[in-house]
Amino acid sequence: MTELSRDEQDLARFGYKQELKRSLGVFSSFAVAFSYISPSTGIFALFFLGLTTVGGVFIWSWPLVAAGQLIVALGFAELSSHYPVAGSVFQWTKYLAGKSYSWFTGWIYLFAGVLTVASVCATLPVALIPAFNNMGWNLANTPNNQRWIAAITLALITIMNIFGVRLVALVNNTGVLFEILGMVVFAFVVALFHRHQSAGVIFHTQGTTLTGGTFLVAMFMALYVIYGFDTASTLSEETKSPRTEAPKAVIGSVIGAFVIGGIFLYAMLLGIPDMHTAIKDGWGPAQIIDANFGNAFSTVFLLVVSAAIFVCCLSIMTSTVRLCFGMSRDDALPASKQLSWVHPRLHTPVGSCIAVGVLAFIPMLQYAGAGIIAIAATGMIYLAYFIGNIALMRARLRGWPKAAAPFALGRWGIPLNALALAWGGGMLINFAWPRVATNPRPSELPGTLNFHWAWLNHKPVFWTVVIVIALVGAVYFALVQRAKPAHVQAPEGEMPPAVTVS
């Protein structure tokens, strides 16, 4: 029996037949997860926030967030080894906690993914427009032009996802290699030949105020970067030997992003010519590169970052489409039949690709920029992870796992799970805290965002988005989903006792 047929047989034990094309190896699986994290994307977008808040000290938020997210990733790696099916957190909670719990988890995670797609598409023009202008295009960096580029990007990644995971994997693999090499090369060139700060820059606030509260604000760059590592498990039905390879990719993507991103961050701090000017004007990597090199080198840097952001958009879209497909295959979404249809030649869920693309376009109708969209997107991702970890802890306390799997935490499962809950809960409070820098009210950002209701404009953005999505989901679940039978089938020993499937 071949390895591929074993994978198909394994999937059938969960009640699903092989429809997606199983063609991803371990590097492709890692590359999709790494490009979802995409350290260059988040660092390019939010470096200024950390720098202007606590100076060079903000770099210490990077290992702290990486450690917290690695703890979460270890639990998710074990789950991906037990449940090699498309849908990540939705599927895991379905087997661990039952239909109702998993439906709400999946609903929150689906819209978190949609918002993340929109936020990263909105990040691309921030790098691409300056690159075009360096090449003589003279394109105004206005919100309207940013919106057009974001919308075109969204259309392109939607089409590419329709045409199959092999195309996505080819672009992802190439993009990840360029991102890793580009970040390392730029970092070493800056550190070796354009160093303006001492090695101890990471211990100085440069006149900013360091408190617990300001450090929590400075963490938002790292928080925005290091998530999405579960993408490797979301693509389990397209991965060869997913029980073995997906856990490696989940953990490897976090470690890889931490190392590459950490090198780049340190080099950027070393390369700032005038720290007080950089803090005052809110410099990011583009300004640092521009201050040290000529137009040509700066343009190459912006193009490398633009390519990394595009690949990041593609990967996030791929992950969100697979979640949409996984839920609709269980008849858990409106128009599930259309969303779960897989093209017989392309082996892709075309309806889910189009649906995610359309939903991700909605925030662009009233364009508020990448930063505002990212607030809701990142917070909701962490909420979905936290809900998933609650289900995992409850299952562990009931004796899960009973069945063996290639990747297992063993006796470390419960303590690591407890740490993941403490970390996730603390960061959720951080996301929800009302402050202008990270969870503003629209009334505090005139001309940027308007909900067209004065009362709502005085509520923090993250609160509004979460409550609206949860309420719409609750109404839909009560009216439609509650009466539907659950699709919960798993091999013997893969479900904890006393799980309510309906």
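Which residues does S29 touch, not counting residues up to four places away in sequence? The model examined here is predicted. In this model, S29 touches A232, T239, A246 and A249. S29 itself lies in helix α2, which covers residues 26–37. S29 is buried, because its relative accessible area is 1%, under the 20% cut-off.

The overall fold comes next. The protein has 20 helices and 0 strands. Its radius of gyration is 22 Å, and the globule rule gives 23 Å for 502 residues. The two values are close, so the protein is as compact as a globular protein of that length. The C-alpha trace spans about 65 × 55 × 45 Å along its principal axes. Of the 502 residues, 60% count as buried. The protein exposes about 19,000 Å². Carbon and sulfur atoms supply 69% of that area. Contacts reach far along the chain. Among those between residues at least 6 apart in sequence, 84% join residues at least 24 apart.

Helix α14 runs over residues 285–292. Its buried residues are P285, A286, I288, I289 and N292. Seen down the axis of α14, they fall within an arc of 165°, so they line one face of the helix. An α-helix has 3.6 residues a turn, so residues three or four places apart point the same way. The buried residues of α14 pack against four helices: α3 (39–54), α8, α12 and α15 (295–329).

Helix α12 appears again at the surface. F188, L192, F193, I255, F258, V259 and I263 form a nonpolar patch there. Together these residues have about 680 Å² of accessible area. Two elements each give two or more residues to the patch: α8 (165–193) and α12 (242–270). The largest share, 4 residues, comes from α12. One patch member, I263, sits in α12. I263 has a relative accessible area of 33%, so this residue is partly exposed. A patch residue must have over 30%.

A267 is also in helix α12. Is A267 buried or exposed? A267 counts as buried, because its relative accessibility is 3%. Leaving out residues up to four places away in sequence, A267 touches A187, V190 and A191. A267 is 126 residues from N141 in sequence. In space the two are 27 Å apart, C-alpha to C-alpha.

A glycine in another helix was also examined. G425 is found in α19, which covers residues 413–432. At 18% relative accessibility, G425 counts as buried; the cut-off is 20%. G425 and T214 are 211 residues apart in sequence. Their C-alpha atoms are 19 Å apart in space.

Charged pairs were then considered. Side chains of opposite charge can pair when their charged atoms come close. How many salt bridges does a search of the whole structure find? The search finds 10. One of them joins the side chains of E238 and R322, at 2.7 Å from N to O. This pair links distant parts of the chain, 84 residues apart. E238 is in the loop between α11 (231–234) and α12, whereas R322 is in helix α15. Both E238 and R322 are buried.

A second salt bridge pairs the side chains of E245 and K248, at 3.6 Å from N to O. These two residues are 3 apart in helix α12, so about one helical turn separates them. E245 counts as buried, because its relative accessibility is 16%. K248 counts as partly exposed, because its value is 47%.

A further salt bridge joins E444 and R441, with the closest N and O atoms 3.6 Å apart. E444 has 33% relative accessibility and so counts as partly exposed. R441, at 25%, also counts as partly exposed. Elsewhere, salt bridges that share partners join D10, R13 and R243 into one network.

Methods: Residues are numbered from 1 along each chain as its sequence is written. This is a predicted model: local features need pLDDT of at least 70, side-chain atom pairs count only at pLDDT 80 or more; totals for chains, interfaces and linings use all residues. Side-chain values use heavy atoms; hydrogens and water are left out. Patches are made of residues with over 30% relative accessible area and no salt bridge: like charges are joined within 9 Å, nonpolar side chains (Val, Leu, Ile, Met, Phe, Trp, Tyr) within 5 Å. Accessible areas come from the Shrake-Rupley method with a 1.4 Å probe; for residues, only the protein chains shown count as cover. A salt bridge is a side-chain nitrogen of Lys or Arg within 4 Å of a carboxyl oxygen of Asp or Glu. Buried means under 20% relative accessible area, exposed over 50%, partly exposed in between (1.4 Å probe, protein chains only). The radius of gyration is taken over C-alpha atoms; the globule rule is 2.2 Å times the number of residues to the power 0.38. Contact means heavy atoms within 4.5 Å. The arc is that of the directions from the helix axis to the C-beta atoms.
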